[in-house]
Amino acid sequence: MYEACYQVVYRTVRGVVLDPYLAEDVTQEAFLKAYRARGRYRATGRVEAWLCTIAVREAISRLRWASLQRRLLDRGRRQAEEPGPPAELADRLDELLSTLSARQRALVVLHFLHGYRYREIATMLRMPEGTVASRLSQAMAVMRERARQTDESGPDERWSRQR
């Protein structure tokens with residue numbers, strides 16, 4: 001079956017992936033999957049059609065995976081090129097977050113670091129939207145107070161409420 005159907009399956013895959021080397025890999029993987037699934041084959045149509053179906057699905061899956069890898073690598077490169085916050089700022093943030101309860105930390109992180117809206121946080125944490133807003137306000141007040149206490153030069157403008 002491999003020898004009889006290889007060229008048909010390869011040409012089909014080659015037309016989908018447009019890369020001869022990737023087409024060879026995908027074709028081999030498709031035949032391997034077909035061999036493993038040989039017990040599920042029902043002789044209702046041509047074997048070539050069954051093999052091509054497996055191969056096309058594998059080709060599309062492989063292309064999606066390659067696209068995802070490229071996007072993740074691009075994002076990683078962009079983030080590596082961007083200057084990050086100074087280490088002392090991260091330590092300071094950790095110190096201020098440590099003054100909060102776990103629930104308050106979750107609210108602050110979800111809203112300010114990940115950019116979720118009150119409505120989305122309310123859904124995630126299963127609480128009313130108004131409760132999210134008030135607890136987030138309380139958490140920020142606690143963090144501002146802690147920043148004032150530990151900062152000898154007075155209130156830190158970075159922690160003041162910005163609109």
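So, leaving aside its neighbours within four places in sequence, which residues is Leu51 in contact with? Keep that one in mind while I set the scene. What you have up there is a predicted model, so none of this comes from an experiment.

Okay, Leu51. Setting aside anything within four places in sequence, Leu51 touches Met1, Cys5, Val9, Phe31 and Ala34. Now zoom out to the nonpolar core. The largest one has 17 residues, and Leu51 is listed with Val9, Val13, Val17 and Phe31 as having the most contacts inside it. Three elements each give two or more residues to this core: helix H1 (2-17), helix H2 (20-36) and helix H3 (47-81). There's another core lying apart from that one, with 16 residues, among them Leu107, Leu125, Met127 and Leu136. As background, nonpolar side chains in soluble globular proteins tend to be buried together.

Right, rings next. The structure holds five aromatic pairs, and I'll show you two. Tyr2 and Phe31 pair edge-to-face, at 4.8 Å centre to centre with 70° between the planes. That pair links distant parts of the chain, since Tyr2 sits in helix H1 and Phe31 in helix H2, 29 residues apart. Is each partner buried or partly exposed? Phe31 counts as buried because its relative accessibility is 10%, under the 20% cut-off. Tyr2, at 39% relative accessible area, is partly exposed.

The second pair is Tyr6 with Tyr10. Their ring centres are 6.0 Å apart and the planes are at 10°, so this one is stacked. Both tyrosines are in helix H1, four residues apart, so about one helical turn separates them. Tyr6 is buried, and Tyr10 is too. Put the two pairs side by side and you get one aromatic cluster, formed by Tyr2, Tyr6, Tyr10 and Phe31. Notice Phe31 again: it belongs to that cluster, it is in contact with Leu51, and it is named among the residues with the most contacts inside the largest core.

Last stop, the surface. Which residues form a nonpolar patch there? Val16, Ile60 and Leu63 do, with about 190 Å² of accessible area together. Leu63 is found in helix H3, and its relative accessible area is 31%, so it counts as partly exposed.

So, to wrap up, helix H1 gives residues to the largest core and also holds the stacked Tyr6 and Tyr10, while helix H3 gives residues to that core and holds Leu63, one of the patch residues. Happy to take questions.

Definitions and conventions
Residues numbered from 1 in each chain as written. Predicted model: local features only at pLDDT ≥ 70, side-chain atom pairs only at ≥ 80, totals over all residues. Heavy atoms only, no water. Core = buried A, V, L, I, M, F, W, Y, C linked by side-chain atoms within 4.5 Å. Buried < 20%, exposed > 50% of the residue type's maximum accessible area, 1.4 Å probe, protein only. Contact = heavy atoms within 4.5 Å. Patch = residues over 30% accessible without salt bridge, like charges linked within 9 Å, V, L, I, M, F, W, Y side chains within 5 Å. Areas by Shrake-Rupley, 256 points an atom, 1.4 Å probe, with all protein chains shown as cover. Salt bridge = Lys/Arg side-chain N within 4 Å of Asp/Glu carboxyl O. Phe/Tyr/Trp six-rings, centres within 6.5 Å; stacked < 30°, edge-to-face > 60°.
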